[in-house]
Amino acid sequence: MAQKIVTRFAPSPTGFLHIGGARTALFNWLFAKHHDGKMLLRIEDTDRARSSQEAVDALLDGLTWLGLDWEGEPISQFSRVDRHKEAVEQMLANGSAYRCYCTPEEVDAMREKARAEGRPPRYDGTWRDRDPLEAPEGVSPVIRLKAPNEGETVVNDMVQGRVVIPNKDLDDFVLMRSDGTPTYMLAVVVDDHDMGITHIIRGVDHLTNAARQTLIFQALDWDVPAMAHIPLIHGPDGAKLSKRHGATGAEAYREMGYLPQAMRNYLARLGWSHGDEEIMSLEDMIKWFGMDAVGQSAARFDFKKLENLNGHYMRATDDPELLKHWKVYLSHVENGAEVLAWLSDAGNEQTALAALPGLKERAKTLVELTESASYLWRQRPLDTDEKAQKILTDDARSILKDLHAVLSEASDWAPEALETAVKAYAEQKELKLGKVAQPLRAALTGRGTSPGIYDVLVALGREESLARIKDQEA
């Protein structure tokens with residue numbers, strides 16, 4: 001019977017879901033789904049000073065927004081400290097770990113001496129083979145791994161290939177601190193084993209940990225999971241993605257008006273590809289995903305590409321679904337409450353749905369869509385922007401007076417019928433259509449640019465449209 005694939009996403013709760021972490025979570029999720037396996041979630045919250053429930057909630061919120069679910073309850077690494085200590089006792093008992101009574105000052109002195117002699121600054125193994133009876137009184141020891149001095153440790157990485165680390169370069173690193181708390185290196189191994197993780201997929205910045213963690217797995221006589229270390233994400237300038245490039249957290253992209261399906265598609269293509277496919281459904285991603293198509297070189301984050309992809313998803317998403325995403329966006333931005341209040345009033349949701357086809361054709365983000373849609377909830381008399389004010393000349397207001405009469409007679413308040421009526425008026429007056437449509441747009445929306453004018457008329461409805469035109473008549 002084939003082994004069931006189990007992956008994990010194991011973030012530290014730093015207050016948000018970093019975009020690099022989001023991509024790591026996505027790769028773990030896609031790999032598990034592709035193999036009909038499962039992804040687990042572990043919160044690496046052993047750093048108590050930096051960990052809070054708020055930070056954990058922010059992580060879960062980011063994953064949920066992206067549509068990346070996990071199996072079971074999230075596991076807290078901190079809650080498993082007793083189990084980590086148990087594993088250390090096992091290693092002490094089988095001779096693969098030992099107590100070290102060196103003070104921090106002594107270890108610092110060792111490292112300085114090594115540097116001065118041109119050697120790598122490492123712990124020198126002082127207590128590796130000493131009799132524990134020589135232990136000084138009143139000193140709480142750290143517990144170190146008895147790493148092999150000879151040979152090499154091999155990591156057969158699914159992305160980076162065969163990585164060989166000489167064991168002489170791996171010192172006897174600390175497994176448990178003198179205060180009895182486990183180190184990250186130990187906790188990760190014990191948790192991965194106990195959770196039944198078969199594949200560890202994480203950033204290439206963890207590759208240096210892979211050899212040390214392999215030694216801990218071997219010391220405990222446990223199977224080493226398969227490993228895949230994926231390339232980092234760089235900014236457009238080729239430097240590691242950081243705050244100076246702009247948004248680094250998933251929640252910031254939500255507030256910038258991106259759709260989760262666009263983010264998933266974009267993140268999947270950062271470091272992984274399937275031929276020349278740029279736009280992929282979630283089903284396609286799951287079907288096609290594999291570590292064999294993940295590259296080794298860093299991926300560059302291209303904000304323009306993301307925006308264009310998001311524009312595609314805005315147009316391709318059906319209106320009721322897009323309305324749901326719009327409401328989520330509005331609930332997380334400063335000026336969103338006003339729009340949500342308007343949407344909650346009787347009939348306004350239908351008005352918004354009627355307007356969405358025209359709105360989404362011109363918007364690349366939900367920010368742009370909200371700005372374009374703002375004519376829907378503006379109160380009469382409308383405030384007008386500079387461009388609209390320039391359009392609304394005396395001649396334009398005279399045209400609006402005529403249009404009010406023409407549109408009042410319209411028997412069918414539908415785009416085609418309204419367009420026919422406006423064009424007939426323009427021809428009758430021997431005016432270019434723009435000379436008629438521009439004042440109409442300015443009167444209806446208070447703006448110099450807007451969605452298609454006939455869409456606007458239909459979305460506002462007969463009564464509101466005629467009232468807005470009348471407000472601006474000569």
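In this predicted model, a network of salt bridges links Arg8, Arg42, Glu44, Arg80, Arg83, Glu86, Asp191, Asp192 and Asp194. Side chains of opposite charge can pair when their charged atoms come close. Arg42 is a good place to start exploring this network. Its side chain meets that of Glu44 in a salt bridge, and Arg42 also forms a salt bridge with Asp192. The link between Asp192 and Arg42 joins distant parts of the chain: Asp192 sits in helix H5 (residues 184-194), while Arg42 belongs to strand E2 (residues 38-43), 150 residues apart.

Are these residues buried or exposed? Glu44 and Arg42 are both buried, and Asp192 is buried as well.

Elsewhere, Asp402 and Lys429 make another salt bridge through their side chains. This pair also links distant parts of the chain, with Asp402 in helix H16 (residues 394-408) and Lys429 in the loop between H17 and H18, 27 residues apart. Asp402 counts as partly exposed because its relative accessibility is 26%. Lys429 counts as partly exposed too, because its relative accessibility is 41%.

The table sets out the three pairs described here.

| Acidic residue | Basic residue | Closest N to O distance |
|---|---|---|
| Glu44 | Arg42 | 2.9 Å |
| Asp192 | Arg42 | 2.8 Å |
| Asp402 | Lys429 | 3.9 Å |

How many salt bridges does a search of the whole structure find? The search finds 31 salt bridges.

**A strand with two partners**

Next, take a look at strand E5, which covers residues 142-145. In a regular strand the side chains alternate between the two faces of the sheet. Here, Val142 and Arg144 point one way from E5, and Ile143 and Leu145 point the other way. Each of these residues is buried.

E5 pairs with strand E4 (residues 97-100) in the antiparallel sense, over four bridges. E5 also runs antiparallel to strand E8 (residues 174-176), and two bridges join them. Arg144 is a handy landmark for both pairings: this residue is the bridge partner of Tyr98, and Arg144 stands opposite Val174 in E8.

**Two pockets**

Rolling a probe the size of a water molecule over the atoms shows where empty space is left. The largest pocket has a volume of about 720 Å³. Its lining is made up of 28 residues, and those nearest the centre are His18, Gly20, Gly21, Asp205 and His206. Strand E1 (6-9), helix H1 (19-34) and strand E9 (199-203) are the elements that give two or more residues to this lining.

Which element gives the most to the lining of the largest pocket? Helix H1 does, with five residues. Sorted by class, the lining of the largest pocket holds 13 nonpolar, nine polar and six charged residues.

The second largest pocket contains about 340 Å³ of space. Among the 18 residues that line this second pocket, Arg119, Arg122, Tyr123, Asp124 and Gly125 are the closest to its centre. The lining of the second largest pocket divides into seven nonpolar, three polar and eight charged residues.

**Backbone details worth a look**

A few places in the backbone invite a closer look. Where is the cis peptide bond? It joins Arg380 and Pro381, with an omega of about -10°. Pro381 has its place in the loop between helix H14 (366-373) and helix H15 (386-391).

Asp221 has a positive phi of about 60°, although it is not a glycine. You will find Asp221 in the loop between helix H6 (207-219) and strand E10 (226-230). Why does Asp221 count as exposed? Its relative accessibility is 71%, and exposed means over 50%.

Glu430 is also not a glycine, and its phi is positive at about 55°. This residue lies in the loop between helix H17 (415-428) and helix H18 (433-445). Glu430 counts as exposed because its relative accessibility is 73%. The loop between H17 and H18 has come up before, as the home of Lys429, the salt-bridge partner of Asp402.

Methods. Residues are numbered from 1 along each chain as its sequence is written. This is a predicted model: local features need pLDDT of at least 70, side-chain atom pairs count only at pLDDT 80 or more; totals for chains, interfaces and linings use all residues. Side-chain values use heavy atoms; hydrogens and water are left out. Buried means under 20% relative accessible area, exposed over 50%, partly exposed in between (1.4 Å probe, protein chains only). Two strands pair if DSSP finds at least two bridges between them. On a 1 Å grid over the protein atoms alone, a cavity is a set of points where a 1.4 Å probe fits but cannot get out, and a pocket is an open set with protein on both sides within 12 Å along at least five of seven lines; lining residues have an atom within 4 Å of a point. Grid points are joined across faces, edges and corners, and a volume is the space filled by probe spheres set on the points. Ala, Val, Leu, Ile, Met, Phe, Trp, Tyr, Cys and Pro count as nonpolar, Asp, Glu, Lys and Arg as charged, and the others, Gly among them, as polar. A salt bridge is a side-chain nitrogen of Lys or Arg within 4 Å of a carboxyl oxygen of Asp or Glu.
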